[in-house]
Amino acid sequence: MPEDTIASRLRLSGLCFLLQILTIILFATFVRYSPESSSGPCSQQLNCSWKNQDSGFQHRHLRGRSKARSTTVRETRFRDGHLQALLGFGLLVAFLARYGPGSVAISILIVAFAIQWAVLIQGFLYFFQNGKIYVGAQSMVSADFCTAAILISTGAVLGRVNPIQMLLLTLLGVTLFVFNEYILLSLMGISDSGGSLTVHTFGAYFGLMVSRILHQPHMEKRKEQQDTGHQPDVFAVVGTIYLWIFWPTFTSATTVRDNAEPWAMLNTYFLLAASTLATFVLSPLLHEESTLQMVQIQDATLAGVAVMGMAGEMLVTPFGALAAGFLAGLIPPLGFRFLTPVLRSRLKTQDMCGVHNVHGLPGILGALLGTLLTALATADAYGGRLELVFPLVAEGSQTAADQAFYQLCALPVTLLLATLGGCLTGAVLKMKGLRSPPDTRYLENTVLREVAEDGRDRRASGKEQSTSTLV
């Protein structure tokens, strides 16, 4: 085994050990369970650092903690949200034939660390009380949202960074995600319950900028990134099914109250159906394959939910959800056909999993849709829901036009922070001591289990003993 490989393995082991010891110490010092007698993380006896702030500033992070919510409902949402982050997003980055099994393992590594780090960083901003971070089901849901954004980012660099770089990307990405989230939700007071901006747009363009900084010219001549086969389709099938099952609950996990949830859930279901049909409309015209690949349905499904993230709890109406879903389903096939070659050749950005087409552009469309619906919001149309969805508008602190302006301004803010943060993270990951050995074999096999070029597991085929590569 080459000395560089041994050194990389030792660095990975040491980094995992240090990060876990650090989080254990921080958890022991600051993290406590939320008092059971409290309807939320803020009990009557505790002086929460954010309790007296404007209620609109903490809109998303105060959702789901009203007295109307039972413990069972909160636990169900945490379970569904966690399954969505782990299986839905985790399997959806596993469709590249060379990186299938290894990318799933790396996804679990990312989830395991991102949740711990997100609980800490978000806790200091949103759940900090009397010198302690009080965690509950809702804080774990918020951590799952953060984890989903990081998994999206890793899709842009999958197969080109080693696990050490993935862990550092997660460390910096979680911190930047929470910073962007705090500006948008707390300081600007926007409504983005499903994460069109905070999750999909930020995650996509943060990952794309990291990919641009890590650009490797020799990789353009290789075709394995586009290689798919039976094994990747299995991952796509399972991941897409999980999207259909759990995403409506995932998008409504941070909605304001139980009586506001049906809008988010129903809008998401209508959108999923329309985006899938859009794939069957356009993909046969753009691709020569006789049968539609499951990956294409997966992309349309993801694009649809990215569009509905901000507008999910707004008055989209059933026909509006269907129309938005249909438009979202058209973005991935058109993007892969016309935009991806431009990104690769002109902008020198290697988008391994197509996050620009599946999350980035749909997230921007979702932000624009949410802005339009915010401008049209009236007390007559929303009734009592206006106080829940747009509290500052309901109390008269600002008009619907003002709220729409803030919703629109949140888009360039997110793009700016994602771009600058991606450049900074890419520069860190490009440091000499963190890069993989120059041998292209090790650049490819950044996975736990090597897969042959034809998509078959070498261990299963019996032709050659598989290597367990961690660098």
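How many residues apart are Phe113 and Trp117 in helix 4 (residues 100–126)? They are four apart, which puts about one helical turn between them. Keep that spacing in mind for the first close-up; the model shown in these views is a predicted one.

**View 1. Phe113 and Trp117 stack in helix 4.** A pair of aromatic rings is described by the distance of the centres and the angle of the planes. The structure holds 10 aromatic pairs. In the one formed by Phe113 and Trp117, the centres are 6.1 Å apart and the planes meet at 20 degrees, so the pair counts as stacked, the limit being under 30 degrees. Both partners are buried: Phe113 has a relative accessible area of 6%, and Trp117 comes in at 12%.

**View 2. Tyr382 and Phe390 meet edge-to-face.** Here the ring centres are 6.0 Å apart, with 65 degrees between the planes. Tyr382 and Phe390 are both buried. You will meet Phe390 again in the core view below.

**View 3. Phe30, Phe124 and Phe128 form a cluster.** Ring pairs are what link these three phenylalanines.

**View 4. Arg385 sits over the face of Trp263.** The distance to the ring centre is 3.8 Å.

**View 5. Leu197 belongs to the largest nonpolar core.** This core has 93 residues, and the members that touch the most others are Val174, Ile190, Leu197 and Phe390. Leaving aside residues up to four places away in sequence, Leu197 has among its contacts Leu184, Ile190, Phe202, Met310, Ala367, Ala410 and Leu411. The contacts of Leu197 also include Asp192, Gln407 and Thr414.

**View 6. Helix 5 (residues 137–155) and helix 10 (residues 294–311) are mostly buried.** Helix 5 spans 27 Å from its first C-alpha to its last over 19 residues, close to the 27 Å expected at 1.5 Å a residue. Of those 19 residues, 17 are buried, leaving helix 5 mostly covered. Helix 10, with 18 residues, reaches 27 Å between its end C-alpha atoms, close to the expected 26 Å. It is largely enclosed by the rest of the structure, because 17 of its 18 residues are buried.

**View 7. Cys409 and Cys423 are partly exposed.** The relative accessible area is 24% for Cys409 and 28% for Cys423. If you are setting out to look for disulfides, the count for this structure is zero.

How values were computed. Residues are numbered from 1 along each chain as its sequence is written. This is a predicted model: local features need pLDDT of at least 70, side-chain atom pairs count only at pLDDT 80 or more; totals for chains, interfaces and linings use all residues. Side-chain values use heavy atoms; hydrogens and water are left out. Rings of Phe, Tyr and Trp (its six-membered ring) pair if their centres lie within 6.5 Å; planes under 30 degrees apart count as stacked, over 60 as edge-to-face and the rest as tilted. Helices (H or I, at least four residues) and strands (E, at least two) are DSSP runs, numbered from the N terminus. Buried means under 20% relative accessible area, exposed over 50%, partly exposed in between (1.4 Å probe, protein chains only). A charge sits over a ring if NZ of Lys or CZ of Arg is within 6 Å of the ring centre and within 35 degrees of the ring normal. A nonpolar core is a set of buried Ala, Val, Leu, Ile, Met, Phe, Trp, Tyr and Cys residues joined through side-chain atoms within 4.5 Å. Contact means heavy atoms within 4.5 Å. The expected span of a helix is 1.5 Å times one less than its number of residues. A disulfide is a pair of cysteine sulfur atoms within 2.5 Å.
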